[in-house]
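Open the model in your viewer and keep the sequence panel beside it. The stops below go from one selection to the next.

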Amino acid sequence: MDIKEKVMAARLVAVERWPYFGAQLLSMVLVEKPEVGTCATDTMGRFYYAPEFVESVSVQALATIWLHECLHVWLDHCNRIEGRNPNRWNKSVDREINDDL
């Protein structure tokens, strides 16, 4: 399985595990972007992934990362930053999501 197939397989696992978020998960556009280091999203709901990172994790772990990124979109984190320090904001909202997961 190549990297993109692994990312897509993990998305399907996420949809199966959390069907409530299925529409959002399936609407996210895949973008290979090595410079993100892991995975990320944006205000447009794109799912960015670093191939080396994807290679290093299991499909099951990647499915949880899919939900994590989906929740950033779902909770409108990109638009709610409102002048806050971007690094501090990202760490804070990551912790909030991880606490929920």
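## First stop: a loop residue

V36 has a relative accessible area of 27%, so this residue is partly exposed. The model is a predicted one. Select V36 and look at the backbone on either side: this is the loop that joins β1 and β2. Now show what surrounds V36. Setting aside neighbours within four places in sequence, V36 is in contact with Y48, Y49 and A50. Draw a distance from the C-alpha of V36 to the C-alpha of Y48; the viewer should give 7.3 Å, for two residues that are 12 apart in sequence.

## Second stop: the whole chain

Zoom out and colour by secondary structure. The protein chain contains 5 helices and 3 strands. Followed from the N terminus, the elements come in the order α-α-β-β-β-α-α-α. Of its 101 residues, 38% count as buried. Take the contacts between residues at least 6 apart in sequence: 51% of them join residues at least 24 apart.

## Third stop: the sheet

Select residues 29-32, which form β1, then residues 39-41, which form β2, and residues 46-49, which form β3. In what order do the strands lie in the sheet? The 3 strands make an open sheet ordered β1-β3-β2, with mixed pairing. β1 and β2 stand at the edges and have a single partner strand each, so one side of each lacks a neighbour in the sheet. On average, neighbouring strands here are turned by 25 degrees against each other, direction ignored.

Take the two pairings in turn.

- β1 and β3 pair in the parallel sense, over 4 bridges. To find this pairing, select L30, which stands opposite F47 in β3.
- β2 and β3 pair in the antiparallel sense, over 3 bridges. Here select A40, whose bridge partner in β3 is Y48.

Strands of a sheet pair through backbone hydrogen bonds, in either sense. Showing the backbone atoms helps at this stop.

Next, follow the chain from β2 into β3. This hairpin has 4 residues between the strands, and within the hairpin G45 takes a positive phi near 75 degrees.

## Fourth stop: A40

Stay with A40, which lies in strand β2. Is A40 buried or partly exposed? Its relative accessibility is 22%, so A40 counts as partly exposed; the cut-off for buried is under 20%. Beyond its neighbours within four places in sequence, A40 is in contact with R46, F47, Y48 and E69. E69 is 29 residues from A40 along the chain, yet their C-alpha atoms are separated by 6.3 Å.

## Fifth stop: α4 and H68

Select residues 59-74, which make up α4. This helix lies across β1, β2 and β3 and runs at about 25 degrees to β2. Within α4, pick H68. With 9% relative accessibility, H68 counts as buried. A distance drawn from the C-alpha of H68 to that of A40 comes to 9.2 Å, and the two residues are 28 apart along the chain.

## Sixth stop: α1 against α4

Add residues 3-17, which form α1. At what angle do the axes of α1 and α4 cross? They cross at roughly 70 degrees and come within 8 Å. The two helices are therefore roughly perpendicular to each other. Their crossing is right-handed. To see the contact itself, show the side chains of K6, V7, A9, A10, R11, V13, A14 and R17 on α1, with V59, Q60, L62, A63, T64 and W66 on α4.

## Last stop: the core

Which members of the largest nonpolar core touch the most other members? Of its 22 residues, these are V7, L25, F47, Y49, L62 and W66. Two or more residues of the core come from each of α1, β3, α3 (51-56) and α4. α4 gives the most, with 6 residues.

Finish by centring the view on L62. Not counting residues up to four places away in sequence, L62 touches K6, V7, A10, C39, V54 and V57. K6, V7 and A10 are among the α1 residues that make the contact with α4, and C39 falls in the range of β2, residues 39-41.

How values were computed
Residues are numbered from 1 along each chain as its sequence is written. This is a predicted model: local features need pLDDT of at least 70, side-chain atom pairs count only at pLDDT 80 or more; totals for chains, interfaces and linings use all residues. Side-chain values use heavy atoms; hydrogens and water are left out. A nonpolar core is a set of buried Ala, Val, Leu, Ile, Met, Phe, Trp, Tyr and Cys residues joined through side-chain atoms within 4.5 Å. Buried means under 20% relative accessible area, exposed over 50%, partly exposed in between (1.4 Å probe, protein chains only). Contact means heavy atoms within 4.5 Å. Two strands pair if DSSP finds at least two bridges between them. Axes are lines fitted to C-alpha atoms, for helices over the stretch in contact, and angles run from 0 to 180 degrees between N-to-C directions. Angles under 35 degrees count as roughly parallel, over 145 as roughly antiparallel, 65 to 115 as roughly perpendicular and the rest as oblique. A crossing is left-handed if the near helix is turned anticlockwise from the far one by less than a right angle, and right-handed if clockwise.
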